[in-house]
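Here are my notes on this one, jotted down while going through the model. Have a look at the structure first, then see whether the points below fit your own reading.

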Amino acid sequence: MNEVSEVGHEVVEEVEKGLHLHHHLSPRRERAMFAALGFTLGLAITRGITTWLHYHGAGANGGIIVDGVHIHHLVFGIFGMLLLGYGWLLLYGVEHVPKRRWFRLTALGYGICSALILDEFALWLNLRDVYWQHQGRESVEALALFGGLLLWAVLIWPFLVAVWRRIRERRV
């Protein structure tokens, strides 16, 4: 137990000294990591809400209904993606070198919108609402969750390796 607390203390010391994510990831990889994080979170939240609605009696057309028409979350993902695309076009016109936080936020938004769109992949594949049927759930859900988590793990790997090396260097 003592060794575990030493390692935890060393990690905290390194972070306080300035071991930051952007020191170990290029801006492109960092944006991809934020997009993967947004995708994973967006998918988990979307599936959580739709499952909750479904099991509390909302039925196949639960959620947002306008004049008797069910507005699928795919629609919000498409509009969000259109706005993000336009935002990315504007990022290069505002400053010579746009701030990293705007790219982080838009990458996170891209991941969330991608999750909203891809979560209803079966809808656009079958051209009918099969969200709660066998063909609409199993493969898309498993692949999307696995892909998001795997992509997150792969992109964060350089940072974790750097933390591990710093800890080992201090022990020697």
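**Notes on the predicted model**

1. Let me begin with one side chain: leucine 82 sits in helix H3. Keep in mind throughout that this is a predicted model. Is leucine 82 buried or exposed? Its relative accessible area is 56%, and the cut-off for exposed is over 50%, so leucine 82 counts as exposed.

2. Leucine 82 is also part of something bigger than itself: a nonpolar patch on the surface made up of Ile64, Val66, Val75, Phe76, Ile78, Phe79 and Leu82. Taken together, these residues have about 630 Å² of accessible area. Which elements do they come from? Strand S1 (64-66) and helix H3 (73-94) each put in at least two residues, and H3 is the top contributor with five. If you colour one surface feature, I'd pick this one.

3. Now for the inside. The largest nonpolar core numbers 10 residues, namely Met33, Phe34, Ala35, Ala36, Ala107, Leu155, Ile156, Phe159, Val163 and Ile167. Helix H2 (27-58) and helix H6 (134-171) each supply at least two of them. The largest share belongs to H6, with five residues.

4. The residue I'd ask you to look at twice is glutamate 120, in the loop that runs between helix H4 (100-118) and helix H5 (121-126). Glutamate 120 is buried, yet it has no salt bridge. How far away is the nearest side chain of opposite charge? That side chain is arginine 47, at 7.8 Å, and a salt bridge here would need the charged atoms within 4 Å.

5. So what does glutamate 120 touch? Setting aside neighbours within four places in sequence, glutamate 120 is in contact with His72, His73, Leu74 and Tyr131. Of these, His73 and Leu74 fall within the 73-94 range of helix H3, the helix that also carries leucine 82.

6. Stepping back to the whole chain: there are six helices and two strands, and in sequence order the pattern reads α-α-β-β-α-α-α-α. Among contacts with a separation of 6 or more, 75% join residues 24 or more positions apart.

7. Last, the overall burial figures. The chain has 172 residues, and 33% of them count as buried. About 11400 Å² is exposed, with carbon and sulfur atoms supplying 68% of that area.

Methods:
Residues are numbered from 1 along each chain as its sequence is written. This is a predicted model: local features need pLDDT of at least 70, side-chain atom pairs count only at pLDDT 80 or more; totals for chains, interfaces and linings use all residues. Side-chain values use heavy atoms; hydrogens and water are left out. Patches are made of residues with over 30% relative accessible area and no salt bridge: like charges are joined within 9 Å, nonpolar side chains (Val, Leu, Ile, Met, Phe, Trp, Tyr) within 5 Å. Accessible areas come from the Shrake-Rupley method with a 1.4 Å probe; for residues, only the protein chains shown count as cover. Helices (H or I, at least four residues) and strands (E, at least two) are DSSP runs, numbered from the N terminus. Buried means under 20% relative accessible area, exposed over 50%, partly exposed in between (1.4 Å probe, protein chains only). A nonpolar core is a set of buried Ala, Val, Leu, Ile, Met, Phe, Trp, Tyr and Cys residues joined through side-chain atoms within 4.5 Å. Lys and Arg count as positive and Asp and Glu as negative; His and the chain ends are not counted. Contact means heavy atoms within 4.5 Å.
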